Amino acid sequence: MMLRLLWLVPLLPFAGFVVNGLLGPRLLPRRAVSLVGCGAALAAFLLSAGAVLKLEHGGRFVLDLFTWMPMGQTAEGFDLTVRWSYALDPLSAVMLLVVTGVGFLIHVYSVGYMGHEPQAALARFFAYLNL
């Protein structure tokens, strides 16, 4: 089940970007902006960790989302279809955990670092950081 949700890993920080970018400067308080930014990064990390734990040792998981460019077949019978897929293998699992884990730590550090900035600048910063 967790591997089937792999497509949410890039979508969660993008959702934080949209929320902080559209609502943050005018409607959300400072604490909510920080929570949305850090929460999106933490959710992506936790989802990544869950997917990596479900990956079989040395295995590979491919999740086909949709066909991007159907180009048919060659005369020899090779399929030339380009699919939009997410693949998780041991190397990509390590990189997924490093990127989402370090990204979350950067978000947490940025809460204190940007604490003196005005509300609109803080929301814009966290929107770009999530992007």
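Two residues are in contact here when heavy atoms of theirs lie within 4.5 Å. Keep that in mind as we walk through this predicted model, starting from one serine and working outwards.

Ser 34 sits in helix H2. Its relative accessibility comes out at 12%, and since buried means under 20%, Ser 34 counts as buried. So what does Ser 34 touch, leaving aside its neighbours within four places in sequence? The partners are Gly 39, Val 111, Leu 122 and Phe 126.

Now zoom out to the helix itself. H2 has 25 residues, and at 1.5 Å a residue they should span 36 Å; the end C-alpha atoms are 36 Å apart, so the two values agree. Ser 34 has buried company along H2, including Val 33, Gly 37, Cys 38, Leu 47 and Ser 48. Several alanines are on that list too, among them Ala 40, Ala 41 and Ala 44. As for what they sit against, the buried residues of H2 pack against H1, E2, H3 and H4.

Those elements turn up again around the largest pocket, which holds about 310 Å³ of space. Of the 18 residues lining this pocket, Val 9, Pro 10, Leu 96, Val 99 and Thr 100 are the closest to its centre. Helix H1 (8–22), helix H2 (30–54), strand E2 (82–88), helix H3 (90–113) and helix H4 (119–130) each supply at least two lining residues. Which of them gives the most? That's H3, with seven residues.

If you're thinking about the chemistry of that lining, the split is 13 nonpolar residues and five polar ones, with no charged residues.

Definitions and conventions
Residues are numbered from 1 along each chain as its sequence is written. This is a predicted model: local features need pLDDT of at least 70, side-chain atom pairs count only at pLDDT 80 or more; totals for chains, interfaces and linings use all residues. Side-chain values use heavy atoms; hydrogens and water are left out. On a 1 Å grid over the protein atoms alone, a cavity is a set of points where a 1.4 Å probe fits but cannot get out, and a pocket is an open set with protein on both sides within 12 Å along at least five of seven lines; lining residues have an atom within 4 Å of a point. Grid points are joined across faces, edges and corners, and a volume is the space filled by probe spheres set on the points. Helices (H or I, at least four residues) and strands (E, at least two) are DSSP runs, numbered from the N terminus. Ala, Val, Leu, Ile, Met, Phe, Trp, Tyr, Cys and Pro count as nonpolar, Asp, Glu, Lys and Arg as charged, and the others, Gly among them, as polar. Buried means under 20% relative accessible area, exposed over 50%, partly exposed in between (1.4 Å probe, protein chains only). The expected span of a helix is 1.5 Å times one less than its number of residues.
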